[in-house]
Structures are given as structure tokens and as C-alpha cells.
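Student: Could you take me through the structure shown here and explain what the assigned terms rest on?

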Amino acid sequence: MPDVLLLLSQIAGILVAARLVGRAVALIGQPRVVGEMMAGIMLGPSLLGWAAPELFHRLFPPLSLGFLSALSQIGLVFFMFLVGLELDLKLLRGQGRAAVVTSHASIIAPFFLGACLALFLYPRLSDDSVSFTAFALFLGAAMSVTAFPVLARMLTERGMLKTRLGTVTIAAAAVDDVTAWCILAVVIVVARTAEATVPIPVMVGGTALYVLLMLTAVRWGLRRLEHVLERHGGLSQDIVAIVVFFILASAWTTERLGVHAVFGAFLAGVVMPRDDQLVRPLLDRFHDLMVIMFLPLFFAFTGLRMSVILITGDLWIYCALIIAVAVLGKLGGSALAARTSGMSWRDSWAIGTLMNTRGLMELVVLNVGLDIGVISPALFSIMVLMALVTTFMTSPMLARIYPMRLLRVARHGGEPESA
Amino acid sequence: MRQLLSYLVFVGVPFAGLLGVLRLGQKLDAPTAVHGAYAVQPMAASGLVCYRYLLTGGDSTIHLTQSGEQLAGTLGPNGDVNLLGTLSGADLSLKGVISPGGTPRHVACPVGDSVRVTARVSRWGQLKRLDAQLWTATTAQGPAVAFMAARPRRYERRRHF
């Protein structure tokens, strides 16, 4: 039985810390999500556990963390559903040539550099229960992630969504998102071959069959929801209950198949009908609870698993190396590809900077990696720092590359001069 | 033509390189895996209440996480003492400090007392076994307490904590 008082104290402490740090970083022009990520880390052994060990032990005794973990996992499942729901598959179809090259390069360049880095890190930060292939593929996938939701919000806030830069970036990020999840599914299969609880043919065949079923029959069946919506004149509680059941069932299925629950939730979001009466109201209903409560819980859960104490000596050099490779691969790869596709240097750097935002999507990927044991706790901690740094650097870099006066020109259809 | 060329340079070449890296990496060796939760085996109780608690109280466990040759862990039924250490071949060496609030007050573990665990990992049928010794600052001059801990060789890898 959970200690309800303790659980309530934990949740309250996390929410307060997330709001306070979120507000503080907003004052320096950073997205709140950066502050919430930082708050999660601060509540873990890296700061609270180091500065006030007694309070840390009282607030987060190891045996109590299972309940917090369960809550954060449920939150994550719903968050991934929203990510899938916000993903517009039409973006993947109507891409210009610049978006095709940029998106593919923005995946493969960091992926390749990540795999190269794995040659150095595998003997130092892994162990013989993980195959090199799984380790390298995971590191590559983790390097190539883009935070689609954060990026979309940044573009909207700066009024850049309808500019050419915005459309190319958002299309490339959408491709990145889908590709990264597909790659991660493959990594899980590779990583679990040695000690899978589900036989590999069942895992691979079952997952493929499930994806196919979701993209065809279930998607077709869900279109009936549009008629139900019309009959009810909007989103009723019954429909929300059906959607919640659908999300949980899909997450349960992929978890049961040996792939992570987040895939099922993401897929459930992707196959939902894109009816205006459904998507917007669903996002509105879930959004506040997600942002105010469940995401901070997930960040805190991540912070509790992460420990800067594990990063000692040479590991700080590895950390700098990982951040450098992540930025070089993602920012450099995307910018050069956009430039050779005919975009100006300024636009190309802006695209690279935006694509380099990893945000909480990186944290989702890293938690999956730690769950399946393909990365070690020290590497997890280093990669969380990398996610934080790459997300933190986006806003100031973008403001420098695209100052407001140039942004106004771009918004009105003009091309700012090349930098 | 320019688009095709840039696609080949930015996508084709790194992809080919990736395949090469995956091939090259097969020759690499990583340190022996020792991570996991090892159940401390029942043993004759030591004189000190703190020792008795750490090694024989309830479901006493030595929980190890591993990053290459770097180890972190906890000892005790509630993960009471945090440990940091290294792995060298099959030998483990971990150190920690009894922190305020880390252990229950009634077991009287002296706060600030240092704890040291050394162990050798070996296979034992379907188990992975640690033959370990525990020292604390209180007994630094005296004999160490020997104990044994084991975990299944194949175990569910999910690392929630």
C-alpha cells in the first residue's frame, strides 16, 4: 500500500519546484519546459540528495518511488498519445526537396556520429550484457531525436510557423519523430534478443502486425468517431472515456509484445481521426493536467534516476564530447543539408538550431534506454545533461540568428539577407 | 542533379559509414556485467546491531548499477547506504558513508561512519554470486564481516531504480 501522505508530499513538492523553476527560466527567455526539466534534476540525488540528504531520504525513500514511477509512466503514456495526436501525417507527404534532404540528413548525420562515438564509449561505459549493435544503434537514435512538440511551440510563439523556414523545419522534425520511434523500436528488439521475456518472433511479428492493424482497420474504424461526434454535437465524456480506454489498450498491447508502452500510446495518437471537433478539444482536455502535473512528475522521476555524482573524473570529458558530437551532428548536419538544398545560410543555421532542440523527447528515449538496460546510469546522466544543454541553447541561438526585425521581414514573405 | 548529389553526400555516405561502424564495433569488448539486485544470503549474525540490520535485516539486498568499470550501489533492506566503487576484472570495491536519515534510528548506525565492501563475482549454477566482505570505520582495526549475496544470472533487465 502506498503511503498516501508521503505520495501527496512528493507530488506537491515536485509541482511547486517545477512551477518555480519554470517561472525563473521563463524570465531569461527560456521555454518553461527547460525549467521543469531542471527542477526534476534538482530534486534528485544530484542536488537535493547532495545538499540535504536527510530531507531527500524523508521525501524520496527508495521504497516509495515505485508509486511515483507508476504515476509518471501513466503520464508518459498520455503524453506520447498527445505527441502522436499532434503529428500531422500530411506534413510527411507534402515535403519539398529541402525538407526531404534536411530531415534525412538531420537523422543520419547525428546517428552516424553517435555510432562512431559508441566505438569509444562502449568499452568504457557499457558492459558485456549489452551488444555493441544495440548500444551503437541506441546512441545513434538518442543523438538524432528532435523535440517536435517543443519545436512546434517555439515556432508558433515566434510567429515562424507559416514562414518557409517554419514549414521546412516542422516537416523535417515530423519525419525525424516518426523515424526516431521506428529506430527505437528496432533497438529494443535488438537489445532484448539476449534475454527477452517475449520470444523474438512474437515480438517482431506481433509488433509489425499490430502497427499494420492500427494503420488500416483500427484507423478506418475510428473514423466512425467522427459520426458519433456529429451526433453528440462535440466531445462528450463517453467519447473521452473511449479514447482513454483506447490509449491504455494500445499501450498495454505494445508493452505486452515486449516493446515499450510509449509506442502503443504514440501509435494510438497517430491513428486518431484528424477531425477539428476531436483533436483540439482532446488536446485541450489533456493538456493542462499533462503540463501541470504529469510532465513534472516524469521530469522528477528522470531526475531521481539521474545523478551528477556518477559523472566523475574522465566522465566530464566524455560528457563534453557527447554534447559536442550531438550538436555537431544535429545542428551541423541539418544546417549543411538545408544550405545545399538552396536555403540561405541564416535560414540553414536557424533550421539546424531548431532541429538541435531535444527537450523532453530525448528524456523519453533515454528513460526507455535505461529501462531496457541498453545504457548505463552514468551514460543516462550524461545524456540527460546533453538534452538539457541542447534545449537550453536553442532560444538564445535562435534570437541571435533571427533577431525580431528579420523575423518580421520573413513573416511578410520577404527573404532576410544571408548572414 | 544537385539535390541528388547532396542527398548522396549527406545521407548515403553516413549510412554506409554507419554499417562500417557497426561491423567494426563487433570486435570490441566491454567489462563483465555485475549489475543487478543481489539478495544477501542468511548468515550468522554479527555483534553490531547496525551490521545485523544491513546484512540480515528483512530482505537485505546489495543493489548494483554499473557504467563500464564504475559501480554505484546500495546496501541494506531499504537501500540504506549508498556506495560508489570500481570493478577490476571480477573484483569489486565499493565505499560509502552512513548518511543522516539513511538508516533507521533504532539500529544505531553511526552517522558519518564510512562503509567499505569488497567482493569477487563468480558464476554459481544459474546464479551470479558475490563473495563479499564488509568493513565500517568502527571495525576498521578488527576483522571484516564476510557475507555472500546472489542474483539469478538471467533476470528482467528493467531498471526502474
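Tutor: We will take one residue, then the interface, then the paired strands.

Tutor: This is a predicted model, in which local features need pLDDT of at least 70 and side-chain atom pairs count only at pLDDT 80 or more, while totals for chains, interfaces and linings use all residues. Residues are numbered from 1 along each chain as its sequence is written, chains are lettered from A and ligands numbered from 1 in the order in which they are written, and side-chain values use heavy atoms, with hydrogens and water left out.

Student: Why is A:Ser376 called buried?

Tutor: The term means under 20% relative accessible area, with exposed over 50% and partly exposed in between (1.4 Å probe, protein chains only). A:Ser376 has a value of 4%, and is therefore buried. This serine is found in the loop between α18 (359–371) and α19 (377–392) of chain A, where helices (H or I, at least four residues) and strands (E, at least two) are DSSP runs, numbered from the N terminus.

Student: What makes the pair A:Ser376 and B:Ser67 a polar contact?

Tutor: A polar contact is a pair of N or O atoms within 3.5 Å; within protein, one must be able to donate a hydrogen and the other to accept it, and residues adjacent in sequence count only if both atoms are side-chain atoms. The side chains of A:Ser376 and B:Ser67 make such a contact at 3.3 Å.

Student: How many residue pairs in polar contact does the rule find across the interface of chain B and chain A?

Tutor: The rule finds 10 such pairs, both residues being at pLDDT 80 or more. The side of chain B that touches chain A draws at least two residues from each of α1 (2–25), β2 (61–67), β3 (70–76) and β4 (81–88), and α1(B) gives the most, with 14 residues.

Student: What is the buried area between chain B and chain A?

Tutor: Buried area is the accessible area (1.4 Å probe) that two parts lose on being put together, summed over both. For chain B and chain A this comes to about 4400 Å², 60% of it on carbon and sulfur atoms.

Student: How do you know that β2(B) and β3(B) pair?

Tutor: Two strands pair if DSSP finds at least two bridges between them. β2(B) and β3(B) run antiparallel and are joined by 7 bridges, with B:Thr65 standing opposite B:Ala72 in β3(B). β3(B) is also joined to β4(B), again antiparallel, by 6 bridges, and there B:Ala72 has B:Leu84 as its bridge partner.
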